[in-house]
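Colleague: Could you take a close look at one part of this model for me, and walk me through its surroundings?

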Amino acid sequence: MFILPLRYKTRIVPHFMPTDVIEAVPIPLIVVDGDRHILELNGPAQSLFGAAMVGRHYMTVIREPFCVQQVEAAINGRPSQAAELRRPIDEKERIFSLTASPRNEAGAVIALIDQTEAHDAERMRSDFVANVSHELKTPLTALSGLIETLSGAAQNDAEARGRFLGMMAEETSRMSRLVSDLLSLNRLEDADVITRRERLNLCDVIEAARRSLSDHAGARGISLVLQGCDAPAFLLGDADQLRQVFNNLIENAIKYGDENGTVTINVTREDHAALLRGPAIRVAVTDTGRGIGQEHIARLTERFYRVDRHRSRQVGGTGLGLAIVKHIIRRHRGWLRIASKVGKGSTFTVLLPAE
Ligand SMILES: Nc1ncnc2c1ncn2[C@@H]1O[C@H](COP(=O)(O)OP(=O)(O)OP(=O)(O)O)[C@@H](O)[C@H]1O
Ligand SMILES: [Mg+2]
């Protein structure tokens, strides 16, 4: 911290920051006098602690021992460090970086910088790295186990060799799918990459997705029913991206739907959708599966979020599909709604602006 020599301080710096100066600062500021009473709080500090704190001891609002140490250091003209202060605001804990600087007269000025977003971003980054590493590690461990067995005991056993090679192919395709999903997400999150806007018939896109998943559905005895595509549904968008949306939603409905059940894809047109303030195409993908508990619904589009990790892994899911869906729909200025009842099934509804 830069400290002016005393003779300059007393001559050119005013006794305390005038109110209009601290009011102009957009972060919470608290001015404390030499007796440790609060002289002034600016607007942001008042919203945090309440205006009634003026005149009270500063420890009424700041009690954390390390924060108090820094304020005391500043009051005593000693160097202070940044300290972390946590406060619940609107039911969410916010994290501030507290700095205390000596006042020219006596006391200290306490400044609080909200670091919550930076903390959240850092936590997301490290969770992401941990998740990716874990998801890559699992098939890698399986592969190295299989290689070991193949080069040892199973070397001369043709039947085991075939089986193990099949398992190895499965694990590598799981890894390559994970990597391509990560690359997709990365491209979708990059604001500089522009989504194509070509005129297309959404029914063609959905039909293509349905066709490519029909074997998968057949293997579970599920019938895929497409409704509302007797007439075309035109919009402006990126066919490859929209194909990914319906691939992921229909694939989920098959994976998490009931065996021998039905997955319905219903396309409707609306002249005026309130959410989009204009004409829209609504596609609802409904399954009759086990459904999703309400507490999970808001989190489903987070990267790697799975309701039942073990079950999702068994069916080959890494929890990136709905994160990709969310980004693509957002890029098309649309909406995703998820409705579900445990034991009854789920409906994932996509609302997209019509041409
Ligand atoms: N139709 C559904 N019915 C029940 N649960 C679902 C349904 N769709 C998604 N889920 C739940 O939401 C989670 C996240 O879905 P998402 O598509 O993002 O991942 P995934 O299917 O597990 O993996 P991926 O799509 O990357 O292969 C799933 O793991 C599952 O728990
Ligand atoms: Mg999925």
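Modeller: Helices (DSSP H or I, at least four residues) and strands (E, at least two) are numbered from the N terminus. This is a predicted model, where local features need pLDDT of at least 70 and side-chain atom pairs count only at pLDDT 80 or more, while totals for chains, interfaces and linings use all residues. Residues are numbered from 1 along each chain as written, chains are lettered from A and ligands numbered from 1 in the order written, and side-chain values use heavy atoms, leaving out hydrogens and water.

Let's stick with helix 12, residues 321–331. Just past it comes Arg333, in the loop that leads from helix 12 to strand 11 (335–341). Arg333 isn't a glycine, yet its phi is positive, near 55°. Arg333 counts as exposed because its relative accessible area is 57% (exposed is over 50%, buried under 20%, partly exposed in between, with a 1.4 Å probe and protein chains only).

Now for the partner: helix 9 (residues 239–256) packs against helix 12 at about 140°, with the axes 9 Å apart (axes are lines fitted to C-alpha atoms over the stretch in contact, and angles run from 0 to 180 degrees between N-to-C directions). The crossing of helix 9 with helix 12 is left-handed, meaning the near helix is turned anticlockwise from the far one by less than a right angle. From helix 9, Gln241, Leu242, Gln244, Val245, Asn248, Leu249 and Asn252 make the contact (heavy atoms within 4.5 Å). Helix 12 answers with Gly321, Leu322, Ile324, Val325, Ile328, Ile329 and Arg331. Sort those residues and you get 8 nonpolar, 5 polar and 1 charged; here Ala, Val, Leu, Ile, Met, Phe, Trp, Tyr, Cys and Pro are nonpolar, Asp, Glu, Lys and Arg charged, and the rest, Gly included, polar.

Leu322 has another neighbour too: Thr301 touches Leu322, Ala323, Lys326 and Leu336, setting aside residues within four places in sequence. Thr301 sits in the loop joining helix 10 (294–297) to helix 11 (309–314). With a relative accessible area of just 14%, Thr301 is therefore buried.

As for Gly321, Arg63 is 45 Å from it, C-alpha to C-alpha, with their positions 258 residues apart in sequence. Arg63 belongs to the loop between helix 3 (43–49) and helix 4 (65–75). Beyond four places in sequence, Arg63 touches Val68 and Arg87, and Arg63 is exposed because its relative accessible area is 60%.
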